[in-house]
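Subject: A structure for you to explore

Hi there,

Here is the structure I promised to pass on to you. Please open it next to this email and have a look around before you read on.

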Amino acid sequence: MVVLSVPAEVTVILLDIEGTTTPIAFVKDILFPYVKENVKEYLQTHWEEEECQQDVSLLRKQAEEDSHLDGAVPIPAASGSGADDPRWMIQAVVDNVYWQMSLDRKTTALKQLQGHMWRAAFKAGHMKAEFFEDVVPAVRKWREAGMKVYVYSSGSVEAQKLLFGHSTEGDILELVDGHFDTKIGHKVESESYRKIASSIGCSTNNILFLTDVSREAGAAEEADVHVAVVVRPGNAGLTDDEKTHFSLITSFSELCLPSSA
Ligand SMILES: CSCCC(=O)C(=O)COP(=O)(O)O
Ligand SMILES: [Mg+2]
């Protein structure tokens with residue numbers, strides 16, 4: 001087995017979800033289709049609720065920012081006069097969500113709505129999150145060795161907690177010391193990793209970030225975070241340069257902690 005030695009200064013392991021702890025297929029074939037199939041009905045049912053209106057406001061703000069993009073779908077402003085037809089507004093939101101999802105956009109607005117939609121499905125037991133089989137044993141071992149384990153995903157913190165709280169391995173939320181999402185910044189921006197370190201209360205070089213996306217790994221590395229790119233079945237391929245540049249692992253069991261950890 002290939003072994004990757006974790007540098008002695010590392011005290012925090014920061015985990016991506018999709019393609020790292022969890023198969024991309026679970027996200028693409030279960031989580032995302034659930035949103036596409038149910039978004040219209042969800043909006044119709046919850047339209048009058050404050051949480052739903054906050055989600056729509058955030059999506060509208062995002063749509064304004066996106067207005068210069070090719071194919072962007074606008075969400076009209078609510079006039080507040082009572083003359084707005086909710087059916088028309090709901091259709092605009094549905095079209096916007098479909099457009100964003102067709103591009104796999106990671107906007108906070110989209111991720112917030114998706115998280116709220118998944119909540120009912122997870123809590124009713126209709127969905128259970130999948131984790132690669134090496135993930136839970138490795139995380140338990142790291143924690144026993146004194147490592148802190150955090151999650152940083154484009155999925156909202158609420159969605160992350162749903163996945164860890166309702167998984168095929170049971171409720172494994174207690175294995176995570178904390179969660180970060182795009183509210184702290186995008187995963188391809190190095191500043192996000194500096195903010196995460198500062199929020200945890202450590203230096204960036206105390207963190208080892210595990211992700212399947214080399215652009216995220218590059219951004220973290222620029223902030224002086226240690227990184228390993230996780231190669232899993234179904235993940236996008238890496239270029240030869242990426243394969244040479246980054247440390248690669250195919251299982252969390254390949255990480256060897258320093259003996260003092
Ligand atoms: C709580 S993860 C749900 C999946 C998701 O929406 C997503 O965008 C995953 O992105 P990641 O940053 O984990 O690769
Ligand atoms: Mg990922």
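Below is what was found in it, going from the domains to the pocket, the metal site, two loop residues and a cavity.

Please keep in mind that this is a predicted model.

**The two domains**

Let's begin with the overall layout. The protein chain is split into domain 1 (4-22 + 129-256) and domain 2 (28-124). Their C-alpha centres are 28 Å apart. To the contact between them, domain 1 contributes 14 residues and domain 2 contributes 13 residues.

**The largest pocket**

Where does the largest pocket lie with respect to domain 1 and domain 2? Both domains give residues to its lining, so the pocket lies between them. Its volume is about 520 Å³. The lining is made up of 27 residues, and those closest to the centre of the pocket are Glu-18, Lys-106, Ser-154, Lys-187 and Glu-216.

Four helices each give two or more residues to this lining: H1 (24-46), H4 (108-123), H6 (157-165) and H8 (214-222). Helix H1 gives the most, with five residues. Sorted by class, the pocket lining holds 11 charged, 10 nonpolar and six polar residues.

**The magnesium ion**

Next, please find the magnesium ion, which is ligand 2. Which protein atoms are its donors? They are two OD entries from Asp-16, the O of Glu-18 and an OD of Asp-212, at 2.2 to 2.7 Å from the ion. Along the sequence, the spacing of these donor residues reads D-x1-E-x193-D.

Are Asp-16 and Glu-18 buried or exposed? A residue counts as buried when its relative accessible area is under 20%. Asp-16 has a relative accessibility of 4%, so Asp-16 is buried. Glu-18 has a relative accessible area of 14%, so Glu-18 is buried too. You have met Glu-18 already, as one of the residues closest to the centre of the largest pocket.

**Two residues in loops**

Lys-187, another residue from that central group, sits in the loop between strand E4 (178-180) and helix H7 (190-200). With 4% relative accessibility, Lys-187 is buried. What does Lys-187 contact, once neighbours within four places in sequence are left aside? The contacts are Asp-16, Tyr-152, Ser-153, Ser-154, Tyr-193, Phe-209, Glu-216 and Ala-219. Try following the chain from Lys-187 to Glu-216: they are 29 residues apart in sequence, but 5.5 Å apart in space from C-alpha to C-alpha.

Thr-204 belongs to the loop between H7 and strand E5 (207-211). Its relative accessibility is 15%, so Thr-204 counts as buried. Not counting residues up to four places away in sequence, Thr-204 touches Tyr-193, Arg-194, Ala-197, Ala-223, Asp-224, Val-225 and His-226. Tyr-193 is therefore a name to look for twice, as it is in contact with Lys-187 and with Thr-204.

**The cavity**

How many cavities of 30 Å³ or more are there? The count comes to one. The space in the largest cavity is about 50 Å³, and its lining consists of Leu-15, Phe-131, Val-135, Val-136, Val-139, Val-149, Phe-164, Ile-172, Leu-175 and Val-176. Helix H5 (residues 135-144) gives the most to this lining, with three residues. By class, the cavity lining has 10 nonpolar residues, with no polar and no charged ones. For the pocket, by contrast, the lining has 11 charged residues.

Enjoy exploring it!

Best wishes

Conventions. Residues are numbered from 1 along each chain as its sequence is written. Chains are lettered from A and ligands numbered from 1 in the order in which they are written. This is a predicted model: local features need pLDDT of at least 70, side-chain atom pairs count only at pLDDT 80 or more; totals for chains, interfaces and linings use all residues. Side-chain values use heavy atoms; hydrogens and water are left out. On a 1 Å grid over the protein atoms alone, a cavity is a set of points where a 1.4 Å probe fits but cannot get out, and a pocket is an open set with protein on both sides within 12 Å along at least five of seven lines; lining residues have an atom within 4 Å of a point. Grid points are joined across faces, edges and corners, and a volume is the space filled by probe spheres set on the points. Ala, Val, Leu, Ile, Met, Phe, Trp, Tyr, Cys and Pro count as nonpolar, Asp, Glu, Lys and Arg as charged, and the others, Gly among them, as polar. Domain bounds come from an automatic or database domain assignment. Donors are N, O and S atoms within 2.8 Å of the metal (3.2 Å for Na, K and Ca); water is not among the atoms, so sites may look incomplete. Buried means under 20% relative accessible area, exposed over 50%, partly exposed in between (1.4 Å probe, protein chains only). Contact means heavy atoms within 4.5 Å.
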